[in-house]
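Thanks for coming. I will go through one structure this morning, sheets to begin with and then helices.

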Amino acid sequence: MVKAAISRGTTPVSPEPVRILVVGGGYVGMYTALRLQRKLKPELKRGEAEIVVITPEPYMTYQPFLPEAAAGSISPRHVVVPLRRVLDKCRIVIGEVSSVDHAKRTATFTTLATEEEGTGAVDIAYDEIVLAPGSIARTLPVPGLADYAIGFKTVEEAIGLRNHVIEQMDIASSTRDPAVRDAALTFVFVGGGYAGVEALGELEDMARYAARYYHNVKAEDMKWILVEASDRILPEVGEAMGKYTVRELRRRNIDVRLETRLDSCEDRVAVLSDGARFPTRTVVWTAGVKPHPVLAAAGLPLNERGRLKCTAQLTVDGATHAWGAGDAAAVPDVTADEPGKECAPNAQHAVRQAKTLGDNITASLRKQPLQDYTHKYVGSVASLGLHKGVAHVYGRKLKGYPAWFMHRVYHLSRVPTINRKSRVLAEWTLSGLFKREIVSLGSLEHPRAEFELAAGGERPKESS
């Protein structure tokens with residue numbers, strides 16, 4: 001289905017609006033739709049264009065704030081951006097796209113309603129498609145991983161992990177079994193990238209603070225272990241800052257094990273490739289991501305890593321009317337010195353690519369020339385807990401409090417909407433004036449448990 005292209009000052013040949021389908025509501029999906037509804041405001045008002053966003057969740061998660069949400073520095077509600085409020089000129093569909101037939105310009109998706117109705121998947125036609133489903137956790141066939149580990153990509157996982165850590169401290173405080181106590185106070189994090197290091201740093205900081213309120217649990221009783229398969233952590237901040245981070249974590253009695261893998265976590269025992277064994281009730285898996293499975297079902301060109309082959313204009317290579325960016329796309333880095341280098345799949349590129357993507361889709365519809373995606377390297381920042389961090393910004397290397405402050409300033413400037421900026425800033429201000437909250441709300445994961453028990457049912461068993 002190909003409709004007449006939009007052009008300024010002309011009337012479209014077809015009465016039907018040009019439909020732009022955005023698959024995914026993450027960084028790329030939300031920012032692209034936001035850009036499109038601004039750039040295509042006249043066409044949307046005249047009914048000549050329509051933007052449809054299909055996403056599994058009704059919000060975009062600002063993932064750099066997940067570690068602080070897990071530590072209790074930010075409310076979980078302020079880590080997410082409601083799509084219906086931000087994308088008020090778009091049609092938001094909460095569902096999952098399972099396949100794309102680009103030859104017919106249709107996408108197949110399911111929603112909660114289709115499951116309830118038993119009608120199965122439905123099709124939606126489009127004229128332009130933006131594939132921005134993001135990525136999912138890259139897991140390995142490690143025995144016990146699916147049964148006992150937890151990821152760290154969603155706000156639900158972050159809050160669940162916070163509740164879990166505090167519950168383990170409660171278990172350790174009340175048990176009479178030394179083995180149970182030791183396992184409860186041992187926390188293993190696998191993966192030395194941003195997610196693993198920041199989550200470990202923030203949660204260790206929170207748990208160390210919480211220990212002062214337990215009569216029989218001390219900070220030195222807890223074991224925090226970071227497992228990384230390569231010979232360095234946080235490669236984005238540079239080798240020097242990565243080594244400083246290792247020294248800083250070890251100074252806090254965190255066991256950092258480089259060139260080490262997790263071989264098994266069966267029966268609540270983490271077995272490492274260096275022969276170490278740690279009875280533990282907590283294994284956090286942050287060892288990388290992989291492209292969303294829908295890309296393989298889209299019938300579009302993929303590279304060897306399963307990402308969309310894209311041009312510098314963010315079109316899918318060899319396919320017209322198809323666009324990609326962010327984690328899902330392999331985009332050439334035209335600013336790199338070495339040929340063939342691709343843009344890293346991180347939030348910095350995703351947000352910037354979305355701006356270019358929205359502009360290029362608009363230009364394409366208006367028969368105007370497209371622009372290449374170019375960027376200037378700003379730097380990288382990482383938090384290691386309250387008042388601790390590392391940064392490599394504009395060629396300058398920072399550590400400790402200055403880096404932590406830079407981390408907060410940078411992400412506050414990047415989190416979408418004035419509403420979210422104000423709420424996050426208010427929470428940071430209040431957290432500086434008052435003590436941390438150390439309450440576990442683990443019952444949120446089973447909200448009907450107490451009622452079911454009162455009604456004669458059984459209390460759900462702990463799964464983590």
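Before the sheets, a definition: two strands pair if DSSP finds at least two bridges between them. Keep that in mind for a residue such as Ala270, which stands opposite Phe278 in strand 16. I should also say that what you see is a predicted model.

Let me stay with the sheet that holds that residue pair. It is an open sheet of three strands, in the order 14-15-16, and the pairing is antiparallel. Strand 14, residues 262-264, and strand 16, residues 277-279, are at the edges with a single partner strand each, so one side of each has no neighbour in the sheet. On average, neighbouring strands here are turned by 35 degrees against each other, ignoring direction. Strand 15 covers residues 269-272, and three bridges join it to strand 16, the two running antiparallel.

As general background, strands of a sheet pair through backbone hydrogen bonds, in either a parallel or an antiparallel way.

Now the other sheet. This one is open too, with seven strands in the order 7-6-5-2-1-8-20, and its pairing is mixed. Which strands are at the edges? They are strand 7, at 122-125, and strand 20, at 322-324, and each pairs on one side only. The average turn between neighbouring strands in this sheet is 40 degrees, again with direction ignored.

Within this sheet, look at strand 5, residues 91-101, and strand 6, residues 106-111. They pair in the antiparallel sense over six bridges. If you want a residue to find on screen, take Glu96, which stands opposite Thr110 in strand 6.

Two helices lie across strands of this sheet. Helix 1, residues 27-39, lies across strand 1 (18-23), strand 2 (49-55) and strand 8 (128-131), and it runs at about 165 degrees to strand 2. Helix 11, residues 347-365, lies across strand 1, strand 8 and strand 20; its angle to strand 20 is about 165 degrees.

On to helices that meet other helices. The axes of helix 7, residues 155-174, and helix 9, residues 194-210, come within 11 Å and cross at roughly 35 degrees. The crossing of helix 7 and helix 9 is right-handed. On the helix 7 side the residues are Leu161, Arg162, Val165, Ile166 and Met169, and they meet Leu203, Met206, Ala207 and Ala210 of helix 9. Sorted by class, that contact has eight nonpolar residues, no polar ones and one charged.

The second pair is helix 12, residues 401-414, with helix 13, residues 418-433. Their axes come within 9 Å and cross at roughly 155 degrees. An angle over 145 degrees counts as roughly antiparallel, which is why helix 12 is described as roughly antiparallel to helix 13. This crossing is right-handed. Helix 12 makes the contact with Arg408, Leu412, Ser413 and Arg414, and helix 13 with Lys421, Val424, Leu425 and Trp428. By class, the contact of helix 12 with helix 13 has four nonpolar, one polar and three charged residues.

One last residue, Glu248, which is in helix 10, residues 239-251. Is Glu248 buried or exposed? Its relative accessibility is 9%, and buried means under 20%, so Glu248 counts as buried. Leaving out residues up to four places away in sequence, Glu248 touches Leu384 and Lys388.

That is the end of my list.

Key. Residues are numbered from 1 along each chain as its sequence is written. This is a predicted model: local features need pLDDT of at least 70, side-chain atom pairs count only at pLDDT 80 or more; totals for chains, interfaces and linings use all residues. Side-chain values use heavy atoms; hydrogens and water are left out. Helices (H or I, at least four residues) and strands (E, at least two) are DSSP runs, numbered from the N terminus. Axes are lines fitted to C-alpha atoms, for helices over the stretch in contact, and angles run from 0 to 180 degrees between N-to-C directions. Contact means heavy atoms within 4.5 Å. Angles under 35 degrees count as roughly parallel, over 145 as roughly antiparallel, 65 to 115 as roughly perpendicular and the rest as oblique. A crossing is left-handed if the near helix is turned anticlockwise from the far one by less than a right angle, and right-handed if clockwise. Ala, Val, Leu, Ile, Met, Phe, Trp, Tyr, Cys and Pro count as nonpolar, Asp, Glu, Lys and Arg as charged, and the others, Gly among them, as polar. Buried means under 20% relative accessible area, exposed over 50%, partly exposed in between (1.4 Å probe, protein chains only).
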